[in-house]
Every structure is written in structure tokens, then in C-alpha cells.
Amino acid sequence: MKLLEEARAVRESAVYVEARERLGVDLPALFDGDLRPDSAADLAGRCWRTGVGTPYDHVRRYGRGPRPEPDDALAANRWVFAVKGAAGVSRW
């Protein structure tokens, strides 16, 4: 299984800094620092059709939801959607 490294910039984003300062909660400390599995590649290798995009790609597609802000940690997130039975990767 392929592993992906989370960018340091994500863990040091303004969203997390503000949460530490305003709420006293270190959000990145709630998650382990291990490499993340590449779920889309793993599923595609098992004959699933996958699509990968940011939360903003998804909400833009449906015309609702939050809009990205500068240095937004959420923009680094990737959502994976998969359908069983067709090999290959589809684009959003």
C-alpha cells in the first residue's frame, strides 16, 4: 500500500494555531503523525472506480457548503469516493 505524507504546512495552518490560542486545544495532537494510506490507489488496485478531491471540489459541484479561505487547512483534505466494479480512476 502506498503511503502519503501530510505537509507540515497543514499541521501548522492558521486554523490549528487559532484553535490552540483561542480554545487551548492542539488539534493536530489528536491525530497520529504516521503516514496516511493512499486509499484511492488501494481501492483502484482492487477494481474500484475512484474519485478524489478536496471538500471544496465536492461542495462546488453541488453548489453549497463552505468556501475556502486563505491558508485553509481543510483545502489539504482529500475525500475519496468509490464505486465497486470498474477499474480506473475518474476525475471530478
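Start by selecting R20 and D26: these two form a salt bridge, with the closest N and O atoms 3.3 Å apart. Show both as sticks and check the surface around them. R20 is partly exposed, at a relative accessible area of 34%, and D26 is partly exposed too, at 35%. Keep in mind while you click around that this is a predicted model.

**Zoom out for a moment**

Switch to cartoon and colour by secondary structure. You should count 4 helices and 4 strands, and walking from the N terminus the order is β-α-α-β-α-β-α-β.

Now colour by pLDDT. The average for the protein is 79, and 80% of the residues score at least 70. Which elements have the lowest and the highest mean pLDDT? Strand β1 (residues 3-4) is at the bottom with 59, while helix α3 (residues 39-44) tops the elements with 92.

Turn on a surface if you like. The protein exposes about 7000 Å², and carbon and sulfur atoms supply 53% of that. Of the 92 residues, 17% are buried. If you compute a contact map, consider the pairs at least 6 apart in sequence: 68% of those contacts join residues at least 24 apart.

**Back to α2 and what follows**

The structure holds 4 salt bridges, and another one is waiting in this region. Select E18 and R22, whose side chains meet in a salt bridge at 2.8 Å, N to O. The two sit 4 residues apart in helix α2, so about one helical turn separates them. That spacing fits a general rule: an α-helix has 3.6 residues a turn, so residues three or four places apart point the same way. The two ends of this bridge fall into separate exposure classes: E18 is partly exposed at 39% relative accessibility, and R22 is exposed at 65%.

Next, select L23, V25, L30 and F31 and show their surface. Together they make a nonpolar surface patch of about 430 Å². Click on V25 in that group: V25 belongs to the loop between α2 (14-23) and β2 (36-37). Is V25 buried, partly exposed or exposed? With a relative accessible area of 32%, V25 is partly exposed.

**On to α3 and the loop after it**

Move along to D42 and R46. Here is one more salt bridge, with the closest N and O atoms 3.2 Å apart. D42 is partly exposed, with a relative accessible area of 24%, whereas R46 is exposed, with 52%.

Then pick C47, in the loop between α3 and β3. Check the backbone torsions here: phi of C47 is near 70 degrees, a positive value in a residue other than glycine. As for its surroundings, C47 is partly exposed, at a relative accessible area of 43%.

**Into strand β3**

Select T50, which is part of strand β3 (residues 48-53). Hide the surface for this one, because at 1% relative accessibility T50 counts as buried. Now add V80 and draw a C-alpha to C-alpha distance. T50 and V80 are 30 residues apart in sequence, and that line should read 6.7 Å.

**Two sides of α4**

For the last stop, isolate helix α4 (residues 55-62) and select P55, Y56 and V59, which are buried. Look down the helix axis: these residues cover an arc of only 90 degrees around it, which puts them on the same side of α4. What do the buried residues of α4 pack against? Bring back β3 and β4 (79-84) and you have the partners.

Now rotate to the other side of α4 and select R60 and R61, which are exposed. Colour the buried and exposed sets separately and the view down the axis sums up the helix: P55, Y56 and V59 are buried, with exposed R60 and R61 on the other side.

Finish by stepping just past the end of the helix to G63. Just after α4, G63 takes a positive phi of about 70 degrees. If you still have the torsions for C47 displayed, recall that its phi is near 70 degrees as well, in a residue other than glycine.

How values were computed: Residues are numbered from 1 along each chain as its sequence is written. Side-chain values use heavy atoms; hydrogens and water are left out. Patches are made of residues with over 30% relative accessible area and no salt bridge: like charges are joined within 9 Å, nonpolar side chains (Val, Leu, Ile, Met, Phe, Trp, Tyr) within 5 Å. Accessible areas come from the Shrake-Rupley method with a 1.4 Å probe; for residues, only the protein chains shown count as cover. Buried means under 20% relative accessible area, exposed over 50%, partly exposed in between (1.4 Å probe, protein chains only). Contact means heavy atoms within 4.5 Å. pLDDT is the predictor's confidence in each residue, from 0 to 100. The arc is that of the directions from the helix axis to the C-beta atoms.
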